[in-house]
Amino acid sequence: LSHLTVASNISKMSANNVKPFTVFVEGNIGSGKTTFLEHFRQFEDITLLTEPVEMWRDLKGCNLLELMYKDPEKWAMTFQSYVSLTMLDMHRRPAPTPVKLMERSLFSARYCFVEHMMRNNTLHPAQFAVLDEWFRFIQHNIPIDADLIVYLKTSPSIVYQRIKKRARSEEQCVPLSYIEELHRLHEDWLINRIHAECPAPVLVLDADLDLSQITDEYKRSEHQILRKAV
Ligand code: DGT
């Protein structure tokens, strides 16, 4: 009996050492990334890592998200530097399950948000250069696993309405033009592939659908996400 116990423990250990199938959930602000992650809570053996927005809103009592929206020229660098740290933490967090589902990634921070701040001069070229060097250094020196990207594709006007409706205080002054620009940056990264590398294959879902219909759309991704778990 004891050798059977040892054998089963060894097989559990080696199962734990297998890298999880890692999925990034990407899409514009208000595209339903959190709702998508919640849909997968019903399945066993999945680690769900929701975005650390709450950490950005309370770092030792400071609301970095609010500071960034109120005075972007002054705070964008500080904010993005903290976003990078919290995203890297999520990338490196071990998952004791066969599947790991993450909300966003270091890639969308760099290719969508930082890219936007660089293009509209919110970031000084020197600040952008430092953030970009950090991104490159991490990419080349720290393993970041990625097996699939789920892109929740939306129309800017639809997510704009959702953002207004959910009324997150920091986002009240967000103009439609910002949402449109972020949309183009997601498309350029995930569909038009303007950056040299995209870390994983992309599954595109229609995230314009409202809550009553979206579950069927989410189900379309279950097979690809869960195949490693079943
Ligand atoms: P969801 O569930 O699709 O509605 O997702 P949201 O809107 O809760 O999450 P997200 O990541 O689209 O937006 C988080 C807020 O942080 C939003 O006001 C945009 C702002 N933000 C600025 N820079 C960054 C960045 O580098 N990364 C992320 N994720 N958010 C950033």
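This report covers the ligand site and one aromatic pair. The model is predicted.

**The ligand site**

The ligand occupies the largest pocket. Its shell holds 22 residues. Glu51, Tyr69, Arg104, Arg166 and Glu171 are the closest of them. By class, nine shell residues are nonpolar, six are polar and seven are charged.

Four elements each give two or more residues to this shell. They are α2 (33-39), α4 (64-70), α5 (72-92) and α6 (106-119).

Oxygen atoms of the ligand have polar partners in the protein. The table lists three such distances.

| Residue | Protein atom | Distance to a ligand oxygen atom |
|---|---|---|
| Glycine 30 | polar backbone atom | 3.2 Å |
| Threonine 34 | N or O atom in the side chain | 2.9 Å |
| Arginine 104 | polar side-chain atom | 2.6 Å |

Arginine 104 also belongs to the closest residues named above. How much of the ligand does the protein cover? On its own, the ligand has 620 Å² of accessible area, and the protein covers 97% of it.

**An aromatic pair**

Across the whole structure, a search finds eight aromatic pairs. One joins phenylalanine 36 and tyrosine 218. Their ring centres are 5.0 Å apart. The ring planes stand at 85°, over the 60 degrees that edge-to-face requires, so the pair is edge-to-face.

Where do the two residues sit? Phenylalanine 36 is in helix α2, and tyrosine 218 is in helix α10 (residues 211-226). The pair therefore ties together parts 182 residues apart in sequence. Helix α2 is also among the elements that give residues to the ligand shell.

How values were computed. Residues numbered from 1 in each chain as written. Predicted model: local features only at pLDDT ≥ 70, side-chain atom pairs only at ≥ 80, totals over all residues. Heavy atoms only, no water. Near = heavy atom within 4 Å. Polar contact = N/O pair within 3.5 Å; in protein donor to acceptor, adjacent residues only side chain to side chain. Areas by Shrake-Rupley, 256 points an atom, 1.4 Å probe, with all protein chains shown as cover. 1 Å grid on protein atoms, 1.4 Å probe; cavity = no way out; pocket = protein on both sides within 12 Å on 5 of 7 lines; lining within 4 Å. Sits in = over half its atoms within 2 Å of the grid points. Nonpolar A, V, L, I, M, F, W, Y, C, P; charged D, E, K, R; others polar. Phe/Tyr/Trp six-rings, centres within 6.5 Å; stacked < 30°, edge-to-face > 60°.
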